[in-house]
Amino acid sequence: MNLRRDVFQAIADPTRRAILMLVASQSMTAGAIASNFDTARPTVSKHLQILTECELLGQQQNGREIYYHINAKKMKEVADFIEPFRNMWDDRFNKLETIMKNYKPKK
Amino acid sequence: MERKTKVNAEDGKQDLVITREFDLPLELLFKAYADPEIVEQWMGTKVLKLENKKHGGWQFETSDAKGNVVFQANGVIHEFVPERKITRTFEMENAPFGVQLEFLEFEKISNETSKLIMHIVYKSVAQRDQMLQLPFAHGINMAHNRLQELVSKLK
């Protein structure tokens, strides 16, 4: 894989976002993560590889098992970057929704 | 809580997609985009021109409390299909961001709910990333300005 691995590409995928949510609460092995998804195990492995390459996940060897944990610092970078843009639109749309809920057509 | 507004901006691409589901019938959602008076209310800007038709133009202007113009934008409407789609260009005046192309699609989910998909294409990846960062940078500036105001009052 010589594709440039970047956090934004990583979080664009819903399964990868779900994995991040899962691992956010506790570090887990690949097997434990995969058991939460209907997706085939190799697919989950691929997602884990991508998340690890872009440093959203960290790995830790514990005996024979590799545990995945979330890299909070990197996660924060992503959230901070795109969140204000999303918020701006969310505010606008909330306003739109409120206005139109109270809209009375002119007779 | 489920986030209602989603932004999908894949790395290395010069476009992004904003999606939002509304607790509004499709008719009302579309009206919020077509009626200049309503656009003014939720966009918080003055609508100088809004010609809802092919080859039509639009022009927005925002002033601050002192009447200074702080934001001007304009564009051309390429497609206007009521309750279905609007295709238009968007350009901020006196800003180095260039023109962007916007595809707005309006969808009915149920009688009481609807969805908007806004696909924005920029001239380059760099330009898209710059626009994505703008509210972030703006937020920092606002905080900085407030801080400066506070500090100047302390003197």
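Two residues are in contact if their C-beta atoms, placed from the backbone, lie within 7 Å. Helices (H or I, at least four residues) and strands (E, at least two) are DSSP runs, numbered from the N terminus.

This is a predicted model: local features need pLDDT of at least 70, side-chain atom pairs count only at pLDDT 80 or more, and totals for chains, interfaces and linings use all residues. Residues are numbered from 1 along each chain as its sequence is written, while chains are lettered from A and ligands numbered from 1 in the order in which they are written.

**Exercise 1. Find what helix 1 of chain B lies across.**

Step 1. Locate helix 1 of chain B at residues 26-34.
Step 2. List its strands: strand 2 (15-22), strand 6 (85-92), strand 7 and strand 8 of chain B.
Step 3. Take the angle. Helix 1 runs at about 160° to strand 7 of chain B. Axes are lines fitted to C-alpha atoms, for helices over the stretch in contact, and angles run from 0 to 180 degrees between N-to-C directions.
Step 4. Turn to helix 2 (residues 36-43) of chain B. This helix packs on the sheet, touching strand 3 and strand 4 (56-63), and makes about 145° with strand 3 of chain B.

**Exercise 2. Work out the strand order of the sheet in chain B.**

Step 1. Chain B has three helices and eight strands.
Step 2. The open sheet of eight strands has the order 1-2-8-7-6-5-4-3, with antiparallel pairing. Two strands pair if DSSP finds at least two bridges between them.
Step 3. Find the edges. Strand 1 (5-8) and strand 3 (46-50) of chain B each pair on one side only.
Step 4. Add the twist, which averages 20° from one strand to the next.
Step 5. Check one pair. Strand 7 (residues 99-108) and strand 8 (residues 114-121) of chain B are joined by eight bridges. Within strand 8, Met118(B) is the bridge partner of Leu104(B).

**Exercise 3. Test the length of helix 4 of chain A, then find its buried side.**

Step 1. Helix 4 covers residues 41-53 of chain A, 13 residues.
Step 2. The expected span is 1.5 Å times one less than the number of residues.
Step 3. That should give 18 Å, and the end C-alpha atoms are 18 Å apart, so the two agree.
Step 4. Pick out the buried residues: Val44(A), His47(A), Leu48(A), Ile50(A) and Leu51(A). (Buried means 20 or more other C-beta atoms within 10 Å of the residue's own, exposed 12 or fewer, partly exposed in between; C-beta atoms are placed from the backbone.)
Step 5. These residues cover an arc of only 160° around the axis, so they lie on the same side of helix 4 of chain A. The arc is that of the directions from the helix axis to the C-beta atoms.
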